[in-house]
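Open the structure in your viewer and keep the sequence panel visible. This tour tells you what to select at each stop and what is there.

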Amino acid sequence: MDALFTDFATAQNHSQGYLLASTISPTPPPHDPSRLHAFLSSTNTYSLETDLRYKLQYNPDISPKLHPEEASAWSEVFKAFYKFVSVLLPAEDGEGIGDWASVYESWKEVVRVLLRGYTGNVFDAWTIPCLYTAAKYLKDFAIKADESSASQRDSGVLVPGSEALGQEEDAFGNGGKNEKLENAAAEINKLFSACLTDRSPLADSRKWALYPLTNTLFALYFRLHSHSLCHHILRTLATYTARNDLPPLNLFPKAHQITFLYYTGALRFLDEDYVAAETNLEEAWRMCPRESEGGRNMEMILSYLIPTKLITKHVLPSKGLLAGYPRLAELYTPLCAALRRADLRALDVALAEGGTVFIHKRVYLTLERSRDIAIRNLFRKVFLAGGFEAGKEGLAPVRRTRVPLEEFGLALKMMGGDVGDGEDGEVDGEEVECLIANLIYKNLMKGYIAREHGKVVLAKNGAFPGTGV
C-alpha cells in the first residue's frame, strides 16, 4: 500500500493526472509490477477503512492536506478498488467460473464511485485521466466478460443469470452475446454526459475528458455495429464546438486526436462519403509518429485509407508501403496486381480469397467497385492497342478514336469479364454498351457510343482521365 500512496501523494502535490490514474489502474505500473498483490495483502476488509483514512487524511507526504470531503470521496474509490482487486487477481489466475463477469461488475462499481466524485464537484479537472482509465478498462472487461460467457455457452456450461433465457436466444435480441458490452456503453455514456454538462470555465472543466471518452464509445459502438450512435455523438460535439463550449481537438494529446480522426474517417467511409473519409484518415496517418510505422494503429488506418484512395483517386498502395504491413500485403497484393493487369478473373479471385477479412472490415462492397477501374484499364489497353491512323494532309499520325464495340467485348471475354454470348457465339453488344455507358457516366472514359456504326467514339484528348492517355 505504501508504494501506491506514495504515487498518490506525488500526484496530488503536483497535479499529475496520469500518475493519479495509475493508482487505480488494473494494470500495475512498470516500476511496481506487484502493486495489486501488495495492495490486497497490505490490509483486510476490517482494517481497510482505517488504513485508508490514515493514508488520505493524515499522510504527511500529501501537502496541502486533502479537504475532508475529497479525502472521503477518494476513500470510497479505493474501497471499491480494493474489492475489485480481490476479484481481478483470481480471475487472472484462471480460478473459478464466470470470473470475468464478476470482474466487470466490480470495476463498474469503481467507475460509479469515481463518477459520484465528479458529479459532486469534489474532484478537480486535472484528475480527469482517471476517467480515461475508468472507461478504457470498463470496455476491456466487458469484452472479456462477454467472450467468457460465449465460451461457456459453447461448452455447455450454464452462465449465471442466463437460466430465464431457456435453450434458445430471444427472437429480438442476441441471447446476451454482447450483454456486458452494451451495459458498458450505457455506463460510459453517463461519464460522457457528466463531462458534457459541466458548467465550469473551460480551463477547469471536465469537458477535457470528452474526446477520450468519445474514442472509447466509438470503439464500443463499432464493435456493436451501432454506427448510428456514433453519428449522435458527432452531432453533439459539433453543436458544442459551434458554441465555443468545447476545447478544440488540436489541444488534446496527439494519441486522442489520431484515434478520433481514425474513427471519424472510418464512419465517413461506411457512410460512403469517401472524400471526407480520405481527409480524416490522411490527417490521422500524417499525425502518427514515424517510429510507429508497421504498428497496429497505422495498419488500422490503412485498412480504410487504401480502399478510400482507390475510389477517390484511383491510387493503389505501393509495394514499399505494403511491405511494412504483412497482413495487408497478403490481402492487397493480388488485388493490386489484378487491377494493374486489368485481369477481371484474377480480381474476382483476389476478392473471394480475402472476402472474409474484407467483409469483417466492412470494405468488401467498396473494393467491389474497383471492378470499374479494372474495366477502365482493360478498355484503355484496347484503345492503345488500336495504334495510330494516318493524319490528314501530311500531318502526324493520330490515335484511332473510333473503336468497334466488339473489340471491347472480346477483351472482356479474354480477361474474364461477365458478358454473355449473343447469337452465333458473338459477344453480347448490349452488355458491352452498358459497361461503356457506365464508365462514361462515372467520368472514367470520355466519348460516346455510335450505335448505328457499332463503335465507341473516344475523345481525342483525355479519353481516359487521370491515366495520361
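## Stop 1: a glycine in a loop

Select G295, which counts as partly exposed because its relative accessibility is 25%, and partly exposed is the range between buried, under 20%, and exposed, over 50%. The model you are looking at is predicted. G295 belongs to the loop between α12 and α13. Now add L191 to the selection and draw a distance between the two C-alpha atoms: G295 and L191 are 104 residues apart along the chain, and their C-alpha atoms are separated by 30 Å.

## Stop 2: three more loop residues

Go to the loop between α11 and α12 (274–287) and select E272. Although E272 is not a glycine, its phi is positive, about 65°. Is E272 buried or partly exposed? With a relative accessible area of 46%, E272 is partly exposed.

Next, select H225 in the loop between α9 and α10 (227–242). H225 is also a residue other than glycine with a positive phi, here near 60°. Its relative accessibility is 56%, so H225 counts as exposed; the cut-off for exposed is over 50%.

For the third residue, move to the loop between α4 (48–57) and α5 (68–92), where P64 is found. Select S63 together with P64 and look at the bond between them. The peptide bond that joins S63 and P64 is cis, with omega at about 0°.

## Stop 3: a pocket

Select F222, R223, H360, K361 and R362. Among the 15 residues that line the second largest pocket, these lie nearest its centre. The space in this pocket is about 470 Å³. Which elements give two or more residues to the lining? They are α7 (129–154), α9 (210–224), α11 (254–270), α13 (296–312) and α17 (355–360). Colour these helices to see where the lining comes from.

## Stop 4: a sheet of three strands

Now show the strands β3, β4 and β5. They form an open sheet in the order β3-β5-β4, with antiparallel pairing. The edge strands are β3 (402–404) and β4 (447–450), each of which pairs on one side only. On average, neighbouring strands of this sheet are turned by 25° against each other, direction ignored.

Start with the pair β4 and β5. Strand β5 covers residues 455–458, and its antiparallel pairing with β4 runs over four bridges. Select these residues two at a time:

- A450 stands opposite K455 in β5.
- I449 stands opposite V456 in β5.
- G447 stands opposite L458 in β5.

In a regular strand, side chains alternate between the two faces of the sheet. Between the two strands of the β4 and β5 hairpin there are four residues, and G454 in this hairpin has a positive phi near 65°.

Turn to the other pair. β3 and β5 are also antiparallel, over three bridges. Select P404 and K455: P404 stands opposite K455 in β5. K455 has A450 opposite it as well.

## Stop 5: the helix on the sheet

Keep the sheet on screen and select residues 429–441, which make up helix α21. This helix packs on the sheet and touches β4 and β5. The direction of α21 makes about 155° with that of β4.

## Stop 6: a helix with a buried side

The last selection is helix α20, residues 405–414. Which of its residues are buried? They are L405, F408, G409, A411 and L412. These residues cover an arc of only 160° around the axis, so they sit on the same side of α20. An α-helix has 3.6 residues a turn, so residues three or four places apart point the same way.

Rotate the view to the other side of α20, where E406 and M414 are exposed. Then turn back and show what covers the buried residues: the cover includes α16 (344–353), α19 (370–385), β3, α21, β4 and β5. The strands and the helix from the two previous stops are thus part of this cover.

Finish just after α20 by selecting G416, which takes a positive phi of about 90°.

Conventions: Residues are numbered from 1 along each chain as its sequence is written. This is a predicted model: local features need pLDDT of at least 70, side-chain atom pairs count only at pLDDT 80 or more; totals for chains, interfaces and linings use all residues. Side-chain values use heavy atoms; hydrogens and water are left out. Two strands pair if DSSP finds at least two bridges between them. Axes are lines fitted to C-alpha atoms, for helices over the stretch in contact, and angles run from 0 to 180 degrees between N-to-C directions. Contact means heavy atoms within 4.5 Å. Buried means under 20% relative accessible area, exposed over 50%, partly exposed in between (1.4 Å probe, protein chains only). The arc is that of the directions from the helix axis to the C-beta atoms. On a 1 Å grid over the protein atoms alone, a cavity is a set of points where a 1.4 Å probe fits but cannot get out, and a pocket is an open set with protein on both sides within 12 Å along at least five of seven lines; lining residues have an atom within 4 Å of a point. Grid points are joined across faces, edges and corners, and a volume is the space filled by probe spheres set on the points.
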